[in-house]
Amino acid sequence: MIERVDLVCGVNNVEHHTELNGVDRLVVRRGQPFTMTLHLRPGTAFKLGASINLIATTGPEPSEVMDTAIKFGLNKFISPARWSATAELKSESAVSLTVCSHPAAPIGLYQLALDQGTGVSLCQFVLLFNPWCKRDSVYMVKEAERQEYVLSQDGLIYRGKPKCISELLWTFGQFEPGILNICLKVLDQSLKHLQDPIQDCSDRRSPVYITRVLSAMINSEDDKGVLVGNWSGNYEHGIRPTAWKDSGSILRQWYNQKCRAVEYGQCWVFAAVACTVSRALGIPCRVVTNYGSAHDTNSNLVIERYYNKFAEDISDDAIWNFHVWVESWMTRPDLQLGYEGWQASDPTPQETSDGVFCCGPVPVRAIKEGDLSAKYDAPFVYAEVNADVVEYAILDDGSTVKIDSSTTEVGQCISTKAVGRDEREDITHLYKYPEGSEEERQVFEKANHQNRLIQNEEEPGLKLKIKVNPSMMVGSDFDVYAQVKNNTDSKKSFRLTFYAQAVTYNGKLGETCGLTVLTGTNLAPAEGRVKAVLRLQYSMYGKAIAQEQMVRLVALLIDKETKEFHRATKTIVLDSPSIDILIQGDPKVGQPIMVEVMLQNPLPELLENCVFSLQGANLTDSTATSNEVGSVGPKELATAELEFTPMVSGRRKLVIDFNSDKLSSIQNFKNLVIEE
């Protein structure tokens, strides 16, 4: 009866905002019609009527009960609320068939067949979530937000610390060739699917369910997940987390090695890959960074820090300099009204939830209101942004004395990329009321916190503060300062220990790289002050710091008369050199163009194995273009030329990376407009 079917992918995919996946197959979004042309064999006729039915199926064992096998007939009009179809004779040998899926249909790979007594296969298509459809649970009102959170293939991930926030440009690449198939494979490798594939395929109607599955599958702690986490500093058998700059390379490697986890990732890598898969499946998603992010191991909403006599932190709880997770946009029919919108989920494996290393999704609004009963994992996420901090010194006899407390250290400068702009948007207000406000304290009490700290309003006898210079380029020697001030009416004698220690972004401490001690120092009453100078030398810190180039400064002061402890800390991020980018000409589709790049070595020693690389969504064939420079002497200029051929017109980001043996993960980018 049917000779061939024209799926008109070039038209349908554009209308469904999936054309960047290519037009060689049909990729559509649920709740939105798509049209195909049925070309009939000579001498046959297509009789419109009630006897004609269509069957759409998905999953390994399609079932009408599970809504993975749907039988529906032809109607006069398309219904936006269910599976429906219309047909129109275009000629004696051609029929135009329009099909619309249910706006809450399970996503995935579908088979569509025509039933006129015997089943006739028409086509295969991929069905995705639809943020453009008002009846879909991921619907977003504003087109600018859909462009940013669904269609944008690159973005900014924020790292560093609140007073020195750094940007990492990441290529999500959700529309790169083969990525959609890999994302569907990720779902098929989940424990949920392997244990009950029929139920799993049916549950894929829910973005809440999909997001929770992805939170587990992006890490590999319990399953055939995508990434292995590694915070040890030893990446000998894999790729160091800071070397990754795009999700496509990770997902392709996972797929090509038969779903064996890729080594290695850390929080921003887990979050970026989760964002890619979510956007590929049609769920609006963004990457979020929380500065001063608490890891509460005993679920009491307090980060308890203990320091020994050497001022070393020996606590189980931790505060990461920054931590990165994702937010996904959806309704929450399983929760009370008002909890729709952004949902936080965290694919970094930290704690188990329902026996699996996953976290979320939990409504951001529930976190702000302190509703720890909201699904999923509200207490853990609440603590990440709102835990109180109390610090104790352990004395020689084993007893402890409280030395400090804070309600403001955790959950600062919560950041994401702004819509349509390469700028940081502060979204702290979405997670918490202003620090110290009546609402913030009321919410904290609502969260059933039994150990809320009582602030000590009295001014301490001695004040301790750490000060640094505004510019601290890696490779240079520079001074940092610990200032002690006497605010009492009597003379004060104290001992001050001031040291520097390498630290990673998740708070893991490394080698000490500087120390100075003041003993028996006396301060005059009323505003007497002294400044301790600590010289940080590259010959010391260069061997100790990790790739994040972070150094933690710690000052511990003991009042000899009252035996009171005072402690101050500050984490500094050393500056990196910048990459200069010069585009030689106007970029046009299909025409090679050269880029000149330059970077000055700031170190007082030779850089070896220097490599510049270029990448960007639809600017390269999914792999970075590289140019090995070799060795670059101290303070010398590294230069290279790179070539790329744009494949698609429009606004694109060109990303340049520099790596070497001693200096790596340096990045810059340039916005381009590609002409036809």
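# Briefing: pockets, annotated site and an open sheet

Strand 11 gives the largest share of the lining of the second largest pocket, namely 6 residues. The model described here is predicted. The points below take up this pocket, the cavities, the residues annotated as active site in UniProt, a covered helix and an open sheet of 4 strands.

**Second largest pocket**

- The volume of the second largest pocket is about 610 Å³.
- Its lining consists of 27 residues, and R159, S166, E167, S576 and S665 are the ones that lie nearest the centre of the pocket.
- At least two lining residues each come from strand 10, strand 11 (164-171) and strand 38 (666-674).

**Cavities**

- There are 2 cavities of 30 Å³ or more.
- The largest cavity has a volume of about 60 Å³, and its lining is made up of E148, Y149, G155, L156, F172, R279, R286, V287, T416 and K417.
- Helix 2 (143-151), strand 10 (154-161), strand 14 (285-295) and strand 23 (412-417) are the elements that give two or more residues to the lining of the largest cavity.
- Strand 10 thus appears in the lining of the largest cavity and in that of the second largest pocket.

**Annotated active site**

- An unreviewed UniProt entry carries the annotation "active site" for C267, H323 and D346.
- These residues span 80 residues in sequence, yet no two of their C-alpha atoms are more than 9.7 Å apart, so they gather at one spot.
- C267 belongs to helix 8 (residues 267-281), whereas H323 is located in strand 16 (residues 318-330).
- With a relative accessible area of 0%, which is under the 20% cut-off, C267 is buried; H323 also has 0% relative accessibility and counts as buried.
- Apart from neighbours within four places in sequence, C267 is in contact with W231, W320, F322, H323, V324, T348 and Y505.
- On the same basis, leaving out residues up to four places away in sequence, H323 touches C267, V288, T289, N290, S293, D346, T348, Q350 and E384.
- The contacts of H323 therefore include both of the other annotated residues, C267 and D346, while T348 is listed among the contacts of C267 and among those of H323.

**Helix 3**

- Helix 3 (residues 179-188) is largely enclosed by the rest of the structure, because 7 of its 10 residues are buried.
- The buried residues in helix 3 are I179, L180, I182, C183, L184, V186 and L187.

**Open sheet 28-27-30-31**

- In this open sheet, 4 strands with antiparallel pairing follow the order 28-27-30-31.
- Strand 28 (509-523) and strand 31 (565-573) are the edge strands, each pairing on one side only.
- On average, neighbouring strands of the sheet are turned by 15° against each other, with direction ignored.
- Strand 27 (residues 492-503) is mostly covered, as 10 of its 12 residues are buried.
- Strand 27 pairs with strand 28 in the antiparallel sense over 10 bridges, and S493 is placed opposite N522 of strand 28.
- A hairpin is formed by strand 27 and strand 28, with 5 residues between them, and G507 in the turn has a positive phi of about 90°.
- Strand 27 is also joined to strand 30 by 9 bridges, with the two running antiparallel; L496 has L557 in strand 30 as its bridge partner.
- Strand 30 (residues 550-559) pairs with strand 31 over 9 bridges, again in the antiparallel sense, and M550 stands opposite V573 of strand 31.

Note on methods
Residues numbered from 1 in each chain as written. Predicted model: local features only at pLDDT ≥ 70, side-chain atom pairs only at ≥ 80, totals over all residues. Heavy atoms only, no water. Pairing = 2+ DSSP bridges. Axes fitted to C-alpha atoms, helices over the stretch in contact; angles between N-to-C directions. UniProt positions renumbered as here; feature names shortened; annotations may be inferred. Buried < 20%, exposed > 50% of the residue type's maximum accessible area, 1.4 Å probe, protein only. Contact = heavy atoms within 4.5 Å. 1 Å grid on protein atoms, 1.4 Å probe; cavity = no way out; pocket = protein on both sides within 12 Å on 5 of 7 lines; lining within 4 Å. Points joined across faces, edges and corners; volume = space filled by probe spheres on them.
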